[in-house]
Amino acid sequence: MNIDRRSLLTGMAGTALLGLPKPTLAATTTSIGDFQVDSVSDGNLVLPGAMFFEGHPIAEVDKILAPLNMSKTQVEPPCNITLVRHEGRVILFDAGSGDGFMPTAGTLVDSLDAIGIAPDDVTHVVFTHGHPDHLWGVLDDFDDPVFTEAEHMIGQVEWDYWTDPNTVNTIGDTRASFAVGAARRLDAVADRMTFFKDGAEVLPGIMAHATFGHTPGHMSFEVRSGSDALLIGGDAIGNHHIAFARPKWASGSDQDPDLAAITRARLLDMLSHDKTQLLGFHLPDGGIGRVEKMGDEYQFVSEEIQ
């Protein structure tokens, strides 16, 4: 697999501390057989470091973050939307944040435009899960569907969770708005939604894998052509620091931290053993790379651009 181009889209996301434009990747492109896979930028999030680091040994956290030149106070993870083109299909995995979540995110439509793709060109939108930075971009600022020609697809478990009226009462106060926002958006696109389960071939050459924990029905997707494969991981491996160095540590970003840690450890072991490519939603440099195991730890190695 070779990455053949990287284009830059500048000024689409602002940094929280400086208020200045932050360069983001419009797209990083690779291929799996005759599948063209683009990692398309939706900007970035700005999150408190405590979400990832609180409750863990400070000395160990510092040791992990120091080589990465990262702060414990604030993190700014990129948002990498996967676009797959294959046999006339133009498939988005997740829809980004839209304009209703964070001012630093929601650049997907502009990034697609930068590589010559209009919203009406998209034939399928396949969701990993229903969190705001993955789902809320299905509607525009008039609450109309953005991808008007696309079939929308989601795992049955995830759909059932976010459309359950009781979810808002059980998800916790800090995520109650997630539940309200997801239910409203899923209702708006319900007439174009189809469902799948673990192990289903959602589209030719693309298989769904249950990676529950980050949300109750989180799904990842394997794109395969012969022996060449790439896993679209969503948020099952949600960062390039703690998740790799200490995969069994709980993360405040996960709705079920214990199950998410089991899932994460399983995926990292599989990816490193099989040498399968990973495209992670919040991983650096467009999110395309490989997992390398070093003792009890793992490392994300971004693909070199050729």
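Q: What makes up the lining of the largest cavity in this predicted model, by residue class?
A: The lining divides into seven nonpolar, six polar and four charged residues. The lining counts 17 residues, and the closest to the cavity centre are N239, A243, S251, D254 and R264. Asp and Arg count as charged, so D254 and R264 belong to the charged class.

Q: How do you know that the structure holds two cavities of 30 Å³ or more, and what are their volumes?
A: A search of the whole structure finds two at that cut-off. The largest has a volume of about 90 Å³, and the second largest contains about 40 Å³ of space.

Q: Which residues line the second largest cavity, and what makes G234 and G280 count as polar there?
A: The lining consists of N80, T82, F93, D94, I232, G234, L279, G280 and F281. Gly is counted among the polar residues, so G234 and G280 fall in that class. By class, this lining has four nonpolar, four polar and one charged residues. Strands β6 (78–86), β14 and β15 each supply at least two of the lining residues.

Q: Why are α5 and α7 called roughly perpendicular?
A: Helix α5 (residues 156–163) and helix α7 (residues 176–188) pack at an angle of about 115°, with their axes 8 Å apart. Angles of 65 to 115 degrees count as roughly perpendicular, and α5 and α7 are therefore described in that way. Their contact is made by W159, W162 and T163 of α5 and by F178, A179, A182, A183 and L186 of α7. By class, this contact has seven nonpolar, one polar and no charged residues.

Q: Why are β11 and β17 said to stand at the edges of their sheet?
A: Seven strands form an open sheet in the order β11-β12-β13-β14-β15-β16-β17, with mixed pairing. β11 (201–203) and β17 (297–302) each have a single partner strand, so one side of each is left without a neighbour in the sheet. Neighbouring strands of this sheet are turned by 35° against each other on average, direction ignored.

Q: How do you know that β13 and β14 pair?
A: Pairing requires at least two bridges; five bridges join β13 (residues 219–225) to β14 (residues 228–234), and these strands run antiparallel. One bridge partner in β14 is D228, which is matched with S225.

Q: What makes β16 and β17 a hairpin?
A: Six bridges join the two strands, which run antiparallel, and two residues lie between them. M294 stands opposite E297 in β17. In the turn, G295 has a positive phi of about 65°.

Technical notes:
Residues numbered from 1 in each chain as written. Predicted model: local features only at pLDDT ≥ 70, side-chain atom pairs only at ≥ 80, totals over all residues. Heavy atoms only, no water. Helix = DSSP H or I, 4+ residues; strand = E, 2+ residues; numbered from the N terminus. Axes fitted to C-alpha atoms, helices over the stretch in contact; angles between N-to-C directions. Parallel < 35°, antiparallel > 145°, perpendicular 65-115°, else oblique. Contact = heavy atoms within 4.5 Å. 1 Å grid on protein atoms, 1.4 Å probe; cavity = no way out; pocket = protein on both sides within 12 Å on 5 of 7 lines; lining within 4 Å. Points joined across faces, edges and corners; volume = space filled by probe spheres on them.
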